[in-house]
Amino acid sequence: MKNIIVTGGAGFIGSNFVHHVFRERPDWTITVYDALTYAGNRKNIEGLDPERVKFIHANICDEAAIDAAVAECDAIVHFAAESHNDNSLHSPYPFIETNIIGTYRILEAVRKHGKRLHHVSTDEVYGDLELDDPAKFTPDTPYNPSSPYSSSKASSDLLVRAWVRSFGVQATISNCSNNYGPYQHVEKFIPRQITEVLLGRKPKLYGAGENVRDWIHTEDHSSGVLTILEKGSIGETYLIGADGEKNNKEVVELMLELMGKDAKDYDHVSDRPGHDMRYAIDATRLQNELGWRPKYTDFRAGLADTVAWYTDNRSWWEPLKAETEAKYKELGR
Ligand code: NAD
Ligand code: DAU
């Protein structure tokens, strides 16, 4: 597998995956295929050898463009998506188009050209868990998505499963928990709060701040996806997670402490409608069957590095901040 396409490779997780593969597989070439929506940024993949990293500026819904790109590759790793729950509650249509129609276009292209596909999805397809539920999500948990975002991702997963069974498409799926690390858009929880504090403002917790997310460093997500791409069984679903459950209050308080502020100096704002309470991943299949292990499990150290990255890269995030906060103002959050 020497020549891969990475859709959404100018976004947060996709660009971290491009850097990861660039380092870990020096004989591979990577074609980033990205529409550069508000969430995409070519700076995320700047400085990589142009002989090995190409860029196609196109939409995954563009049938001719995706067909032509897929014809030239050995495999495609599909990260491109509308990814933010709050946006999906405000304006659902782009989620239907990119996440469902876009995945359909990719499936038709890989079916036609007989290429390997890895589809990147989310733990949110399983709905949420109670705070005191001993269970975690497994690959057998029934789908029960809550938001327009998670239901569009669930739809895309079901399309992939159907194309494997009905047409013999060579695909795998991964469902990962909440990622953090460099290059994450300031609309998302951790970067929003870090940049608010860097601008002299207070973090904003939705509701009581008791919702739990299962945090994983984006480097560990990348190594999980690469492992599945190389060793995964066709038709299988693998869950990627690193036992990083924390509630939002704990995350904000640790972040404030790491930034030298009073750990209680945050505001509570109105809650997200339909807000999922808790996500938790059981990654046993990926660990036992493919031998994957997360490496970046020290959340305090990972969060400190992330704070340092946003502190050192103001010119990356400052242009995004005003528009993002204007959207939140409209939502009252
Ligand atoms: P992101 O919003 O940061 O990046 C999305 C990228 O896709 C951007 O570069 C954007 O320009 C591109 N894109 C969007 N629509 C496109 C289209 N129609 N055609 C081509 N490119 C398009 O997203 P992210 O947080 O990096 O998430 C990447 C993937 O990982 C998504 O599929 C998401 O569902 C999944 N995921 C995310 C998380 C998380 O914590 N962020 C966790 C698990 C899974
Ligand atoms: O679980 C995987 C999912 O994680 C991915 O599929 C999504 O693409 C990704 O965006 C993320 O979804 P969440 O909705 O969990 O992430 P978000 O960063 O938006 O919010 C994390 C938690 O923090 C959630 O409980 C809502 C809360 N929150 C968020 C923001 C932006 C706040 O309390 N305050 C905020 O300002």
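This note walks through the two ligand sites, one open pocket, two cavities and a buried asparagine in this structure.

1. **What kind of model this is.** A friendly reminder before the details: the structure is a predicted model. The contacts and areas below are therefore computed from predicted coordinates.

2. **Who surrounds ligand 1.** A good place to start is the shell around ligand 1, which holds 28 residues. Ile13, Asp34, Ser83, Tyr149 and Lys153 are the closest of them. If you sort the shell by residue class, you get 14 nonpolar, 12 polar and two charged residues. Three elements each bring at least two residues to this shell: helix H1 (12-24), strand E5 (116-122) and helix H5 (148-167). Strand E5 gives the most, with three residues.

3. **Polar contacts of ligand 1.** Three short distances to oxygen atoms of ligand 1 are worth a look on screen. Ser83 places a polar side-chain atom 2.7 Å from an oxygen atom of the ligand. Gly11 takes part through its backbone, with an N or O atom 2.9 Å from an oxygen atom of ligand 1. Asn179 also uses a polar backbone atom, again at 2.9 Å from an oxygen atom of ligand 1. On its own, ligand 1 would expose 840 Å², and the protein buries 97% of that area.

4. **Who surrounds ligand 2.** The shell around ligand 2 counts 25 residues. Here the closest are Thr122, Asp123, Tyr149, Arg272 and His275. Tyr149 may look familiar, as it is also listed among the closest residues to ligand 1. By class, the ligand 2 shell splits into seven nonpolar, 10 polar and eight charged residues.

5. **Polar contacts of ligand 2.** Which side chains reach oxygen atoms of ligand 2? Arg272 has a polar side-chain atom 2.6 Å from an oxygen atom of the ligand. Asn178 comes to 2.8 Å with a side-chain N or O atom, and Asn248 does so at 2.9 Å. Taken alone, ligand 2 has 690 Å² of accessible area, of which the protein covers 95%. Helix H6 (189-198) and strand E8 (204-206) are the elements that give two or more residues to the shell around this ligand.

6. **An open pocket beside helix H7.** The second largest pocket has a volume of about 250 Å³. Its lining is made of 15 residues, and those nearest the centre are His20, Glu24, Ser223, Leu226 and Lys295. Helix H7 (218-231) provides the largest share of the lining, seven residues. Helix H1 also supplies at least two residues, and H1 is one of the elements that contribute to the shell around ligand 1 as well. The lining divides into nine charged, three polar and three nonpolar residues.

7. **The largest cavity.** A search of the whole structure turns up two cavities of 30 Å³ or more. The largest holds about 50 Å³ of space, with His84, Asp86, Asn87, Glu187, Thr324, Lys327, Tyr328 and Leu331 as its lining. Helix H3 (85-90) and helix H11 (314-331) each supply at least two of these residues. The largest share, four residues, comes from H11. Sorted by class, the lining has three charged, three polar and two nonpolar residues.

8. **The second largest cavity.** About 30 Å³ of space lies in this one. Asp86, Asn87, His90, Lys327 and Leu331 form the lining. Helices H3 and H11 again each give at least two residues, but here H3 gives the most, with three. The lining comprises two charged, two polar and one nonpolar residue.

9. **Asn85 in helix H3.** Is Asn85 buried or exposed? Its relative accessibility is 8%, so Asn85 counts as buried, the cut-off for that label being under 20%. Asn85 lies in helix H3, which also contributes to the lining of the largest cavity. The side chain of Asn85 has a partner too: a polar contact of 2.9 Å joins it to the side chain of Glu124.

Methods
Residues are numbered from 1 along each chain as its sequence is written. Chains are lettered from A and ligands numbered from 1 in the order in which they are written. This is a predicted model: local features need pLDDT of at least 70, side-chain atom pairs count only at pLDDT 80 or more; totals for chains, interfaces and linings use all residues. Side-chain values use heavy atoms; hydrogens and water are left out. On a 1 Å grid over the protein atoms alone, a cavity is a set of points where a 1.4 Å probe fits but cannot get out, and a pocket is an open set with protein on both sides within 12 Å along at least five of seven lines; lining residues have an atom within 4 Å of a point. Grid points are joined across faces, edges and corners, and a volume is the space filled by probe spheres set on the points. Ala, Val, Leu, Ile, Met, Phe, Trp, Tyr, Cys and Pro count as nonpolar, Asp, Glu, Lys and Arg as charged, and the others, Gly among them, as polar. A residue is near a molecule or strand if one of its heavy atoms lies within 4 Å of it. A polar contact is a pair of N or O atoms within 3.5 Å; within protein, one must be able to donate a hydrogen and the other to accept it, and residues adjacent in sequence count only if both atoms are side-chain atoms. Accessible areas come from the Shrake-Rupley method with a 1.4 Å probe; for residues, only the protein chains shown count as cover. Buried means under 20% relative accessible area, exposed over 50%, partly exposed in between (1.4 Å probe, protein chains only).
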